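Dear colleague,

I am passing on the structure we spoke about, and below it you will find my notes on its aromatic rings. Please read them with the model open beside you.

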Amino acid sequence: MILAALAGCTVVAPKTRLMVDDARPTSELIRITPRDRAGNVPSAGRFEVRSPEGTLERVTVAEFQDGARRTVPGRISGDGHSWRPAPGGLGLAARYTVDVVARDASGHRAVRHSMFTTYVPEHRFLGYFTPEPYTTVGTGMIVSFAFSRPITDRAAVERAIRVTSRPPVEIAAHWFGSSRLDFRPRAYWKPGTEVTLDLRLRDVRGAQGVYGSQWKTVGFRVGRSQVSTVDAAAHTMTVVRDGRPPETVPVTAGGPGSDTYNGRMVITEKSPVTRMNGETVGFGGEYDISDVPHAMRLTASGTFLHGNYWADPSVFGTQNVSHGCIGLPDAQGGDPSSPAGRFYDTSLIGDVVEVVRSPERVVAPDNGLGGWNMSWDQWRAGSALG
């Protein structure tokens with residue numbers, strides 16, 4: 001489960017001209033409780049959305065529990081400053097996503113995406129999985145399970161999860177530590193493939209005195225093929241979609257000292273607008289931009305491919321000036337006809353973005369869905385079944 005809210009990077013000032021909005025406020029317009037990525041939230045815990053200095057326009061909350069999705073009802077207060085759910089409390093062993101749109105006193109909109117998980121009763125474990133059931137994804141999607149408790153009996157748990165496809169291909173598992181198990185085929189999925197996940201974890205022993213509770217079958221579909229290659233040295237991105245003639249667009253990648261990772265990465269999130277704050281990824285107060293458009297997450301550590309409206313247009317195709325992200329030309333507010341807007345609209349969760357000729361090392365296979373950077377033999381060696 002690859003999920004997050006605050007994004008990781010923006011441009012760093014090169015020796016040439018850059019346009020940076022230094023007057024942008026750093027205070028958050030939207031405040032969500034529980035905090036993003038909170039775990040073990042009690043069912044009676046505090047849950048609210050607030051905008052003390054603005055007005056909430058829309059709050060959408062979804063609950064994912066035992067393979068089912070439901071919309072959580074709630075209401076925005078009369079003054080527009082807060083939202084609370086309808087009475088009833090949170091469900092146990094569930095994942096919640098929160099999407100909020102608010103407007104400040106000047107009329108500017110801000111968007112936030114957040115998630116949290118609730119308490120799993122003692123002696124039970126759950127596997128939260130990506131992608132979401134019954135979605136259509138790109139050909140690079142890796143099935144990833146994040147377990148609510150560390151697993152010591154890995155072979156038993158791996159044996160109880162079956163991932164199959166139509167048309168059939170060989171699919172193998174790989175453990176990353178005691179709480180994450182990924183599945184992938186030898187090569188990218190073929191377009192149109194139907195993938196099924198059979199979870200037979202109920203009463204399976206995951207660790208001493210800890211047993212599974214899930215028993216269900218879900219699936220997803222693989223859509224068209226799209227693989228994009230970012231050449232960090234040439235400052236270009238070449239997009240190949242379903243065998244059509246390649247399209248090349250100018251980009252700016254990570255600047256010296258903040259170079260973009262090499263290797264194959266997978267889009268795991270899409271946000272029409274997101275906030276990027278340097279404090280969340282170790283860059284202190286170097287930047288805080290609340291309205292980064294057309295943002296697509298590539299790594300858990302904060303690498304995004306996104307629209308960029310604040311850099312001098314001359315840097316695209318000529319210089320690498322970001323803190324590690326890949327920037328495409330865009331307009332403030334997000335222009336659907338810009339290179340960033342067009343790429344965003346045609347991309348799926350699960351599409352592959354490969355970076356070449358960057359001075360940085362290859363991305364770690366457990367940083368996001370980076371497992372395609374392992375050979376097939378290396379991948380299979382990570383199975384607990386031998």
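**Aromatic contacts**

The structure, which is a predicted model, holds 12 aromatic pairs. One of them is formed by phenylalanine 145 and phenylalanine 183, whose rings meet edge-to-face, with 6.1 Å from centre to centre and 75° between the planes. Because phenylalanine 145 belongs to strand 13 (residues 143–147) and phenylalanine 183 to strand 16 (residues 180–185), this pair ties together parts that are 38 residues apart in sequence. As for their surroundings, phenylalanine 145 is buried, with a relative accessible area of 0%, and phenylalanine 183 is also buried, its relative accessible area being 6%.

Another pair, that of phenylalanine 147 and tryptophan 175, is stacked, with the centres 5.7 Å apart and an angle of 25° between the planes. Here too distant parts of the chain are linked, since phenylalanine 147 lies in strand 13 and tryptophan 175 in strand 15 (residues 171–175), 28 residues apart. Both phenylalanine 147 and tryptophan 175 are buried.

These four residues belong to a cluster in which ring pairs link Phe125, Phe129, Phe145, Phe147, Trp175 and Phe183.

**Charges over rings**

You may also wish to look at two places where a basic side chain sits over an aromatic face. Arginine 184 lies over the face of tryptophan 379, at 5.2 Å from the ring centre, while lysine 270 is placed over the face of tyrosine 344, at 4.3 Å from the ring centre.

With kind regards

Notes
Residues numbered from 1 in each chain as written. Predicted model: local features only at pLDDT ≥ 70, side-chain atom pairs only at ≥ 80, totals over all residues. Heavy atoms only, no water. Phe/Tyr/Trp six-rings, centres within 6.5 Å; stacked < 30°, edge-to-face > 60°. Helix = DSSP H or I, 4+ residues; strand = E, 2+ residues; numbered from the N terminus. Buried < 20%, exposed > 50% of the residue type's maximum accessible area, 1.4 Å probe, protein only. Lys NZ or Arg CZ within 6 Å of the ring centre and 35° of its normal.
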